[in-house]
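Please open the model in your viewer and set it to a cartoon view with side chains available on demand. The tour below proceeds by selections, each followed by an account of what is found there.

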Amino acid sequence: MDTLTLRPLTGPGLVGDPLRIADSLAGRAFSSEQPVEEPLPDGSVPLHLPMLDGSDRLGVLGLTLPRLDDHDRQLAQRLAGLAADMIVTNDNYTDAFFRVRTVGPLTLSAHMQWQTLPPLSMTTPDVDLGGILEPAYEVGGDSFDYAFNDHVLHVAVFDAMGHGLEAATMATVVIAAYRHGRLAELPLTELYPAMDQAVATSFPGRFATAQLGRLDTETGVLSWVNAGHPPALWVRGSHVIGELTGPISRPIGFGAGTPVVQTAQLEPGDRVLFFTDGVVEERLPGGEQFGEERLRRLIEQNTAADLTCAETVRRLSHALMAARSGRTSDDASLLLIEWRRPPRDDELDRDIPEATPAG
């Protein structure tokens, strides 16, 4: 998927050219998720509004109006929401939107993986989440999944052995086994062996590494099982304060017995970055590995701007690709979560000062 450029939809009454997200007004609306306007000398006003499906960014609606007041802004905002709803609804019945999103052909394995993914972002008062897969058009073995049930955020990152169609097929089974166990409300100590059995039975001698996590959004306690992945990075403010370390269970398919479940107490605003080994093991043009130290520096730079998780991982992914001169020999996936812990006070409670009308 093209995450550098906004590409125009074509059709009767629609006009526009491809615009880079990094240096255009429409791109600013997309990355900030806020309307952007800039009056022209003749008094007309181009207005760019993000089209959002909940918290998932679909694109930008651009309008040029002869004049602009608050009533116009309100109507334009509603129009952007309506356009987003129409795209989501009709996306199930046409290939038109998918073709606009892509700038080149996907491999069959990449197509399989994209079909299994949940939305790439989710924002609620409790948590923020953003994920990304690279290289987008050839990804085979990497994937991630999540679900927010009651007050628990379930997250998982996978890296199936190998490349191409065989890896994508195994990753599809891994995700199905994960979702099956999650829907059955299995604890992590039972979910891991259930997934292990599914992979061992279907793909003898092969395996997938994984991180399986659960965040209790009422307490901020994060529990996880690391099945052969690099340890996730723990970010507070704009600094990496540590890793989610501890005993590592064997990869799924090679598992043995009950996994070790580890826990960490997050503070409000803390972020956790899960990633696959392709992120840090890629070789730079000079031959050295990209390495975790470079990843730490990049995430600190990109979290300092107080961006959403979705925009942070988008920028982080492109920073990684730029540092590696666009080269990648393995899938490289990122999943970033933030715990927010919103206040639970009832805004209509008479005892809350803010609930008392002024005067």
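Select Asp-306 to begin: this residue sits in the loop between helix H8 (291-303) and helix H9 (309-323). Helices here are DSSP runs of H or I with at least four residues, strands are runs of E with at least two, and both are numbered from the N terminus. Asp-306 is not a glycine, yet its phi is positive, at about 60°. With a relative accessibility of 71%, Asp-306 counts as exposed; the classes are buried (under 20% relative accessible area), exposed (over 50%) and partly exposed (in between), computed with a 1.4 Å probe on protein chains only.

The model is predicted, so that local features require pLDDT of at least 70 and side-chain atom pairs pLDDT 80 or more, whereas totals for chains, interfaces and linings use all residues. Residues are numbered from 1 along each chain as its sequence is written, and side-chain values use heavy atoms, with hydrogens and water left out.

Move next to Asp-150, in the loop between S8 and S9. Asp-150 likewise is a residue other than glycine with a positive phi, near 60°. Is Asp-150 buried or exposed? Its relative accessibility is 72%, and Asp-150 therefore counts as exposed.

**The five-strand sheet**

From this loop, extend the selection to the open sheet with the order S8-S9-S10-S11-S14, whose pairing is antiparallel. Two strands are taken to pair if DSSP finds at least two bridges between them. Strand S8 (142-149) and strand S14 (262-265) are the edges; each has a single partner strand, so one side of each lacks a neighbour in the sheet. From one strand to the next, the twist averages 15°. Within the sheet, nine bridges link strand S9 (residues 152-160) and strand S10 (residues 208-216) in the antiparallel sense. To inspect one of these pairs, display Leu-153, whose bridge partner in S10 is Leu-215.

Now add H5, which packs on the sheet and touches S8, S9 and S10; the direction of H5 makes about 160° with that of S9. Contact means heavy atoms within 4.5 Å. Axes are lines fitted to C-alpha atoms, for helices over the stretch in contact, and angles run from 0 to 180 degrees between N-to-C directions. Then add H6, which lies across S9, S10 and strand S11 (221-227) and runs at about 155° to S10.

**The H5 and H6 pair**

Hide the strands and keep the two helices. The axes of helix H5 (residues 164-183) and helix H6 (residues 188-202) come within 9 Å of one another and cross at roughly 150°. Show side chains at the contact: residues of H5 including Met-170, Val-174 and Tyr-178 meet a set in H6 that includes Leu-191, Met-195 and Val-199. By class, the contact of H5 with H6 comprises nine nonpolar, two polar and one charged residues. Here Ala, Val, Leu, Ile, Met, Phe, Trp, Tyr, Cys and Pro count as nonpolar, Asp, Glu, Lys and Arg as charged, and the others, Gly among them, as polar.

**The three-strand sheet**

Select the open sheet in the order S3-S4-S5, also with antiparallel pairing. Its edge strands, S3 (36-37) and S5 (56-65), each pair on one side only. Strand S4 (residues 45-53) is joined to S5 by nine bridges, and Pro-46 stands opposite Thr-64 in S5. Helix H2 (residues 70-90) packs on this sheet, touching S3, S4 and S5, and its direction makes about 40° with that of S4. Helix H1 (residues 25-32) lies across S3, S4 and S5 and runs at about 140° to S5.

Zoom in on H1, where the buried residues are Ala-26, Gly-27, Ala-29, Phe-30 and Ser-31. Leu-25, in the same helix, is partly exposed, at 22% relative accessible area. Leu-25 touches Val-36, Glu-38 and His-48, residues up to four places away in sequence not being counted. From Leu-25 to Pro-46 the C-alpha distance is 9.3 Å, across 21 residues of sequence. After H1 comes Glu-33, with a positive phi near 60°.

**A hairpin**

Finally, select S12 and S13, a hairpin with two residues between the strands; in the turn, Gly-237 has a positive phi of about 65°. Strand S12 (residues 233-236) and strand S13 (residues 239-243) pair antiparallel over four bridges, and Trp-234 has Gly-242 in S13 as its bridge partner.
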